[in-house]
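Colleague: I would like to learn how to read a model of this kind, beginning with its sheet and then moving on to its helices and its charged side chains. Could you take me through these topics in turn?

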Amino acid sequence: MTFRAETARAGEDSRAEEIVAEISEKSSDFARMWTENDVQTTGEGAKTIRHAVVGEITFEFSSFAIDGRPDLRLMVYNPAGEADLEKVCKRCG
């Protein structure tokens, strides 16, 4: 759970606690995963989104730490293939 890792890294924050409580109340799956305390960070991978106009688009991503700023990470997303790039370009004009 990247969210768990990020909230742990950021330290105690009452707003984060409120969000966790609210989501836990609405989702038993989230509550279970949160109590399992499974902390993971993802350096790279792929994510697929469903765009309302062009359908599914898959992106490859990489995550980078920012020197001197443990509270920040840079995420870079690129279309995973030619078909994904074409869908993104259609939306860009």
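Modeller: Bear in mind that this is a predicted model. In general, the strands of a sheet pair through backbone hydrogen bonds, in either a parallel or an antiparallel manner. Here the strands make up an open sheet of 3 strands in the order β1-β2-β3, and the pairing is antiparallel.

Colleague: Which strands stand at the edges of the sheet?

Modeller: The edges are taken by β1 and β3 (69–79), each of which has a single partner strand, so one side of each is left without a neighbour in the sheet. Neighbouring strands of this sheet are turned against each other by 35° on average, if direction is ignored.

Colleague: Over how many bridges do β1 and β2 pair?

Modeller: Strand β1, residues 44–51, and strand β2, residues 55–66, pair in the antiparallel sense over 8 bridges, and the two form a hairpin with 3 residues between them. As a point of reference within this pairing, I49 stands opposite I57 in β2.

Colleague: How should I describe the packing of helices α2 and α3?

Modeller: Two packed helices are described by the angle between their axes together with the distance between those axes. For helix α2 (residues 14–26) and helix α3 (residues 28–36), the angle is about 130° and the axes are 5 Å apart; the two helices are therefore oblique to each other. On the α2 side the contact involves V20, I23, S24 and K26, which meet S28, F30, A31 and W34 in α3. The residues of this contact divide into 5 nonpolar, 2 polar and 1 charged.

Colleague: How many salt bridges does a search of the whole structure find, and which residues are linked in a network?

Modeller: The search finds 4 salt bridges, and D29, R32 and E36 are linked in a network of them. Within that network, the side chains of R32 and D29 meet at 3.9 Å, N to O, while the closest N and O atoms of R32 and E36 are 3.2 Å apart. R32 and D29 both lie in helix α3, 3 residues apart, which is about one turn of the helix; R32 and E36, also both in α3, are 4 residues apart, again about one turn.

Colleague: Are R32 and D29 buried or exposed?

Modeller: R32 is partly exposed, with a relative accessible area of 41%, and D29 likewise counts as partly exposed, at 47%. Another salt bridge joins the side chains of E56 and R50 at 3.3 Å, N to O; there E56 is partly exposed at 40%, whereas R50, at 69%, counts as exposed.

Conventions: Residues are numbered from 1 along each chain as its sequence is written. This is a predicted model: local features need pLDDT of at least 70, side-chain atom pairs count only at pLDDT 80 or more; totals for chains, interfaces and linings use all residues. Side-chain values use heavy atoms; hydrogens and water are left out. Axes are lines fitted to C-alpha atoms, for helices over the stretch in contact, and angles run from 0 to 180 degrees between N-to-C directions. Angles under 35 degrees count as roughly parallel, over 145 as roughly antiparallel, 65 to 115 as roughly perpendicular and the rest as oblique. Contact means heavy atoms within 4.5 Å. Ala, Val, Leu, Ile, Met, Phe, Trp, Tyr, Cys and Pro count as nonpolar, Asp, Glu, Lys and Arg as charged, and the others, Gly among them, as polar. Two strands pair if DSSP finds at least two bridges between them. Buried means under 20% relative accessible area, exposed over 50%, partly exposed in between (1.4 Å probe, protein chains only).
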